[in-house]
Structure formats: C-alpha cells, structure tokens
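Trainee: I would like a close look at a single part of this model, with the contacts spelled out. Please take the aromatic rings and the helix they gather around, and put them in the context of the rest.

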Amino acid sequence: MENQKVQKTQCDVRTDLNLLLECLKFQMDCPMSQKEALITIYSICQQNSEASEYLREIGGLMFINDLAKSSIYCIVKEAALFTLGIIIESNVYCQQTLCTPALFEDLISFLMNKDSGVNLKRMSVYVILVLVSNNKNGQTYVRETGCIGLLLQLFRTALSISEINLSDENINQCYQLWSSVCSTLCACVNNPQNEDNQNICCSVFSYAKEWLESCTEPEIVRPICSFVGLTVANNSYVQKYFASVRGLDTLAKVLTKLLRNSYGSHSSTKLAVVVTKTLDACIANDSNMGVVLAKYHTVSELLKLLPNDTLDTGEKISIILTIGHCTEVCEENQYELLNNNGLPLMIQVLTESQDEELNKAATFVLQNCKQMTEQLSLKINENSLNVNSAEELEADTQRRERTLQDYWKKAKEILHRINLIEKEHDEQRVQRKIFVDRSSEVSTEASKYHEMNTNEPKNQMERTYRVHCPQLICKSNDWILAPSANSLSLQNEILKTMNPVNASTGHSEQDNVPCSTELQTDSVLQSHSINEKNTCGKKQSVQVSLPSEQLFKQPAKILRNLKQACISDQHSSYADITKGKKSILITSSSLRTADLRCLGCTAQGQSFNSKTFSKMLQTCPYLCDCHRVILEAEKRYKKELRKLTVCNNSSSAAYKKILLTPVNKGRLHGETSTFQRRKENFQSK
C-alpha cells in the first residue's frame with residue numbers, strides 16, 4: 001500500500017511539473033502568472049531531488065534558464081533565478097548541467113547592469129553561490145570568468161560603513177546583498193579549499209578590518225569572521241598577509257570588547273566564540289603569529305570565556321584549540337596560561353568531560369606547556385615584580401643618581417689628596433736638587449783652588465792633602481768637618497806624597513785603618529781652625545791645609561799614629577768616632593743619612609720597654625749600624641727561643657707517651673737530662 005502511495009505521489013508531482021511548465025510557456029505576456037508558476041515549481045523541487053531530476057529530464061531546467069535571460073520583466077527574472085538556485089541546490093546533476101562559463105557570464109551581466117535592482121543582483125549572487133558550493137569546477141569558472149572580482153567589488157561597495165541601520169528597508173536590502181556576497185566568497189575559497197581563490201580574496205582584508213573596527217554588531221561581525229576564517233584556512237601566505245595588515249590585532253580587540261559585554265549577554269558570548277574560531281584559523285598553520293596576541297592578553301580572556309555554562313561542547317573545543325595554538329611556541333602566552341590557573345582548568349576538563357574530542361584538545365594544551373612549565377614558573381615571580389615597573393624604574397634611577405653623586409664626591413676627595421701628596425713629593429725633590437747643586441758648587445770651587453796652587457812647590461803637599469782629606473764648611477762662624485766620599489780610596493797617594501819609601505808599607509797598613517786617618521786629621525785641623533777663621537767669612541766653603549813643615553818633618557809619626565789607632569780598642573775607637581761625628585755636618589750622601597736618622601736615635605728620652613722598642617725599630621725603613629746590630633741580635637735570640645719551644649713541646653709529647661707506655665726509668669732520666677742541657681747551653685749564649 002505504501003509503495004502505491006509513493007508511486008501515486010511521484011506521479012502527481014510529475015503531472016504538476018508538466019502543467020506548470022506548460023503554463024510558463026503559454027503565459028509569456030503575463031509576468032504575474034509566470035511568477036506564480038515559478039514559485040510553485042521551486043516549492044515542489046525544494047528538498048526533492050527526484051522532482052528536480054524529473055524537471056531536468058523534461059527540459060524544464062533549461063527553459064527556466066532561458067526565461068531568466070530573455071524575459072523583459074524584472075519580477076520574472078528574479079523568480080526564474082531563484083527557482084534555478086533551488087533546483088541546483090537540491091540536485092547535483094542539475095548543478096553540473098548548469099555549471100558552464102556561459103551561465104557565469106550571464107550572471108555577471110545581471111550584476112553589472114545599472115538597471116538591475118538590488119533584489120535581482122541578490123538572486124544572481126545566490127545562483128553563483130549554489131554553482132560553486134562543493135563544486136571545484138564552479139570555483140574555477142568563477143575565477144576564470146572574472147566573476148570573483150565582481151563579487152569582491154560588491155563586498156567593498158554594496159554596503160556603506162556609515163549607514164548601518166538595518167531598520168531601514170533600503171539599507172536592509174543592501175545588507176542582504178552584501179551578506180549574500182560574503183557567503184558566496186566563502187564558497188569560492190572553501191569546500192573544497194581553493195588556494196588561488198584564497199590568494200585573490202585576501203585583497204579585501206583591509207576593508208574587512210575597517211568593518212570590524214567600526215562595528216561589533218553580530219550582523220556585521222559574523223559574515224566577516226566567516227569570510228576571513230575560510231580565506232586564511234590552511235594557507236600560510238594568506239595568514240601572514242592578514243597579520244601584516246594588523247588583522248590579528250583587530251580581532252583581538254574585538255574579542256576583548258565582546259567579552260567585556262558578554263556578562264549577562266548571551267549573544268555577545270556566542271559572537272565571541274565566532275571571533276575565537278577566526279583567530280584560531282589565522283594562527284593554526286603558523287603558531288609564531290600567536291606572539292601578536294600576547295600583548296592583548298588573549299589567552300587570559302579565553303580562559304575567562306571557557307567556564308561559561310551557555311557554551312556547548314563544540315564551542316569549548318574551539319576555545320581550547322585556540323589556547324593551544326597560542327601557547328604552542330609563545331612563552332608569554334604560556335605564562336598567561338599558568339598565571340591565570342589555566343593548567344588546573346585543563347585538568348578539570350580532562351577529568352569531568354566524557355567527550356573524546358574535548359579531551360584531545362585539553363591534552364594538546366597540556367603537552368604544549370609541559371616542556372616549559374618549570375622555566376615559566378621561575379619567571380612568574382620576576383614578572384610579578386614588574387607590575388609597577390615605571391615607578392620602580394624611576395625610584396631606581398634616583399637611587400643610582402644619588403649613589404653616583406656620592407662616588408663623584410669621594411673621587412674628588414681622593415684626587416685632592418693625591419695632588420697634595422704629589423705636591424709634597426715635588427717639594428722634596430726640589431730641596432734635594434738644591435742640596436746637590438750646592439754640593440757641586442763646593443766641588444767646583446775646590447777644583448779651582450787646586451788649579452791656582454799647582455805651580456807652588458810649597459803648596460803641592462797642601463793641595464794633595466786637601467784633595468784627599470775631609471773638607472771644612474763654615475756655618476755661623478763655626479768649623480764643621482765633613483769627610484770626602486773618596487778619601488778611603490785615595491789614601492795611598494797621601495802616603496806616597498809624605499814618604500815615598502814607605503809607600504808600600506803604608507798601603508798595606510792603610511787598608512785596615514780607614515777611621516784612624518779621619519781622627520788624626522781631625523786633631524790636626526782643630527789646631528789650625530783659629531788661624532783660618534777669618535777666611536771663612538769670605539768664602540762659604542774653605543779647604544784647610546796643614547803646614548808643609550809638619551807634613552815633611554814627621555811622616556813617620558803620622559803613620560805611627562795611624563797604626564796605633566788601628567790597633568787600639570774597637571769600642572773606644574767607635575766612641576771617639578761617634579763623639580767626633582757629633583760636630584760634623586756630612587755633605588752629599590752623608591747629609592742624606594743624617595736627615596734620615598732611625599727612630600731609635602731620635603727616640604731618646606722617651607719611655608720604652610723591650611717589646612715596644614723592638615716594634616718601633618721594625619717599623620723604621622732605615623736603621624743605623626748600632627740599632628741594626630741590636631735588631632739582628634734580637635731576631636737571632638727569638639729564633640733560638642722558638643727552637644727551644646719546639647724542643648720543649650716534643651719533650652712534653654714524649655713525656656705523655658712515657659706516661660701511657662711503660663719504659664725504663666733510666667731512659668726517661670737520660671732524655672730529661674739532655675733537654676735540660678740544651679736549655680742551659682742556649683741560655684748561656
């Protein structure tokens with residue numbers, strides 16, 4: 001019975017289609033009758049593939065196509081195009097039959113005709129849509145015929161950005177045309193994906209960005225997001241181009257704005273999901289572009305959107321996949337995921353959801369962050385300290401400036417001290433130079449005096465003696481004796497002049513008596529100091545000469561006195577020398593030694609003990625012979641005392657060992673006696 005009913009229904013449909021087709025053919029002068037017949041035909045063929053196929057078989061499809069091109073009535077053309085679209089959409093064979101370059105050219109003519117109304121253009125765009133949907137040939141024809149360029153022009157001009165008032169009927173019709181163009185462009189680039197058409201359609205991205213920046217109404221945002229998302233899908237070149245025109249920045253701003261308005265608004269929440277899907281399509285093939293979204297905190301905004309109860313499973317999957325692509329290679333986005341409790345939220349999705357696709361999406365996010373979780377956790381504290389970075393930077397700059405000023409002040413003080421020290425050293429060098437110059441003047445005057453008296457035989461002995469003997473300097477009417485630096489090396493010539501016979505003898509004896517000669521000469525000079533006192537007032541430095549009678553009459557006596565002085569007691573000689581030197585002003589190097597006396601000599605009359613006096617001598621950079629001998633003797637004493645202490649410690653260890661280990665009493669007595677003997681010997685030294 002049922003099969004009979006189906007067959008009867010099919011038979012009735014075919015009968016109706018035949019009658020309607022006849023009506024179209026015989027009502028050419030009545031556009032309203034043709035329009036009503038066309039409306040009846042598309043109502044029968046809508047979602048009825050068999051009826052559409054039968055209409056194609058009886059030639060009704062091609063008749064309606066010809067009617068759309070040839071009719072002079074606009075309402076007939078609009079109805080015919082709409083009916084063609086319904087038939088093509090319901091039956092793939094009808095689509096293949098009508099998908100020809102000729103039909104695309106006819107549709108282009110409708111769109112370009114200035115007399116065509118908005119509704120006719122809309123019906124033409126609809127036919128293009130059904131021809132290219134799921135049809136690779138249709139996508140090719142729409143590009144080769146230039147139809148896609150015309151569609152892009154309609155996308156730019158069909159609707160004005162400043163006139164978005166959908167309550168107005170005329171504006172609403174323009175909006176319907178613009179929306180149909182967006183849908184047709186989406187079909188031209190996707191399902192199947194057509195990279196050539198995608199590369200062409202990316203030329204209107206700048207206009208799409210302007211639309212999104214100026215309006216966030218769902219009627220505008222949804223078509224544009226669908227067009228952008230399908231155009232950039234799986235096309236790295238188009239994705240980079242969209243990012244280059246700052247399309248990602250615009251989408252991120254729109255998402256932030258929608259999420260702020262989504263609290264209590266269901267439509268804003270749904271629209272935010274649409275924008276999220278578009279963002280995901282823009283960065284899916286190149287996750288490096290997710291860095292652009294970091295400055296807009298997109299990940300944190302998506303984490304706020306995810307727990308919304310109004311979202312279904314598919315929408316949550318889209319949000320989680322977008323988070324996964326954002327955090328795949330971008331550390332900033334990974335930090336936001338951790339800092340906004342994203343990981344616990346992903347784990348919660350895994351534990352609570354039973355949907356396999358949703359669990360895969362959450363696992364994808366966790367795997368992206370697995371490798372860098374530890375590194376980012378260390379950076380959380382660092383980034384949290386930079387919340388008030390501007391104020392902290394200013395305060396730090398001020399602290400550094402104050403520190404730098406303190407450093408400059410200290411540096412200036414140090415430089416001032418260095419200048420004072422250099423000045424003192426310069427003054428000391430000048431004083432030394434003046435002293436050396438005066439010494440050289442004295443030597444020059446002595447050499448002049450020597451030249452003046454070289455021809456006098458009587459003064460020959462006096463000259464020789466004067467050259468090799470100490471010099472006299474007159475200061476404040478007092479005579480002070482200063483020994484010549486070369487007196488020791490030239491005493492042989494003095495002895496040869498006094499007694500050539502005993503020259504060799506004097507030479508051998510002279511090597512041991514350098515100090516005695518000075519003493520003997522000192523005693524002789526003192527006897528003549530009174531006679532030469534007046535001469536001192538005329539010259540600063542005068543050389544004292546002995547009478548030639550004394551020098552030649554008693555040479556043996558002088559040598560004998562020298563020899564006796566050398567043999568005399570060393571302590572008395574040292575005392576006499578020290579006593580004589582108290583009245584001597586030493587020139588040249590001797591004067592320098594007098595100026596740099598040791599601390600032991602200058603500390604007379606002060607209270608010291610052996611410990612403090614020894615420390616004072618150790619701090620002195622130069623010592624006299626007496627105190628140097630004392631310091632060296634003390635060092636030797638301390639060295640021996642340390643050795644004794646070491647021996648004492650070793651003996652004590654041996655004694656402890658004896659207490660622990662029984663030994664012979666005689667051996668212990670022998671070791672103790674040896675230690676006491678060494679101690680007594682050291683103390684006797």
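Mentor: The charged end of K25 sits over the ring of F63, at 5.8 Å from the ring centre. This is a predicted model, so that distance, like the others below, is computed from predicted coordinates.

Ring against ring, the count for the protein is 10 aromatic pairs. One of them joins F155 and W178: the ring centres are 5.8 Å apart and the planes meet at 25°, and because planes under 30 degrees apart count as stacked, this pair is stacked. F155 belongs to helix 10 and W178 to helix 11, so the pair ties together parts that are 23 residues apart in sequence. F155 has 0% relative accessibility and counts as buried. W178 is buried too, with a relative accessible area of 0%.

Another pair is F205 with F227. Here the ring centres lie 6.3 Å apart and the planes stand at 65°; since an angle over 60 counts as edge-to-face, that is the class of this pair. F205 is in helix 13 and F227 in helix 14, 22 residues apart, and the pair thus links distant parts of the chain. F205 counts as buried at 0% relative accessibility, and F227 likewise counts as buried at 0%.

These two pairs belong to a wider set. Ring pairs link F155, Y175, W178, F205, W211, F227, Y241 and F242 into a cluster.

Now the helix itself. Helix 13 covers residues 205-214, and its buried residues are F205, A208, K209, W211 and L212. Viewed down the axis of helix 13, these buried residues fall within an arc of 160°, so they line one face of the helix. A lysine, K209, is among the buried residues. Two cluster members, F205 and W211, are on the buried list of helix 13.

What covers that face? The cover over the buried residues of helix 13 includes helix 10 (147-157), helix 11 (169-189) and helix 12 (195-201) on the N-terminal side in sequence. From later in the chain, the cover includes helix 14 (218-232), helix 15 (236-244) and helix 16 (247-261). Helix 10 and helix 11, which carry the stacked pair F155 and W178, are thus among the elements that cover helix 13. Helix 14, which carries F227, is another of them.

Two serines elsewhere make a useful contrast. S287 is placed in the loop between helix 17 (266-283) and helix 18 (291-294). S287 is buried, with a relative accessible area of 9%. Its side chain makes a polar contact with the side chain of E328, at 2.5 Å. Leaving out residues up to four places away in sequence, S287 touches H325, E328 and V329. S70, by contrast, lies in helix 4 (residues 60-70) and is exposed, with a relative accessible area of 52%. The side chain of S70 reaches the backbone oxygen of D66 at 2.8 Å.

As for the whole, the protein has 38 helices and three strands. Of its 685 residues, 38% count as buried. Among contacts with a separation of 6 or more, 71% are between residues 24 or more positions apart. The accessible surface comes to about 40,800 Å², and carbon and sulfur atoms account for 51% of it.

Conventions: Residues are numbered from 1 along each chain as its sequence is written. This is a predicted model: local features need pLDDT of at least 70, side-chain atom pairs count only at pLDDT 80 or more; totals for chains, interfaces and linings use all residues. Side-chain values use heavy atoms; hydrogens and water are left out. Buried means under 20% relative accessible area, exposed over 50%, partly exposed in between (1.4 Å probe, protein chains only). Helices (H or I, at least four residues) and strands (E, at least two) are DSSP runs, numbered from the N terminus. The arc is that of the directions from the helix axis to the C-beta atoms. Contact means heavy atoms within 4.5 Å. A polar contact is a pair of N or O atoms within 3.5 Å; within protein, one must be able to donate a hydrogen and the other to accept it, and residues adjacent in sequence count only if both atoms are side-chain atoms. Accessible areas come from the Shrake-Rupley method with a 1.4 Å probe; for residues, only the protein chains shown count as cover. Rings of Phe, Tyr and Trp (its six-membered ring) pair if their centres lie within 6.5 Å; planes under 30 degrees apart count as stacked, over 60 as edge-to-face and the rest as tilted. A charge sits over a ring if NZ of Lys or CZ of Arg is within 6 Å of the ring centre and within 35 degrees of the ring normal.
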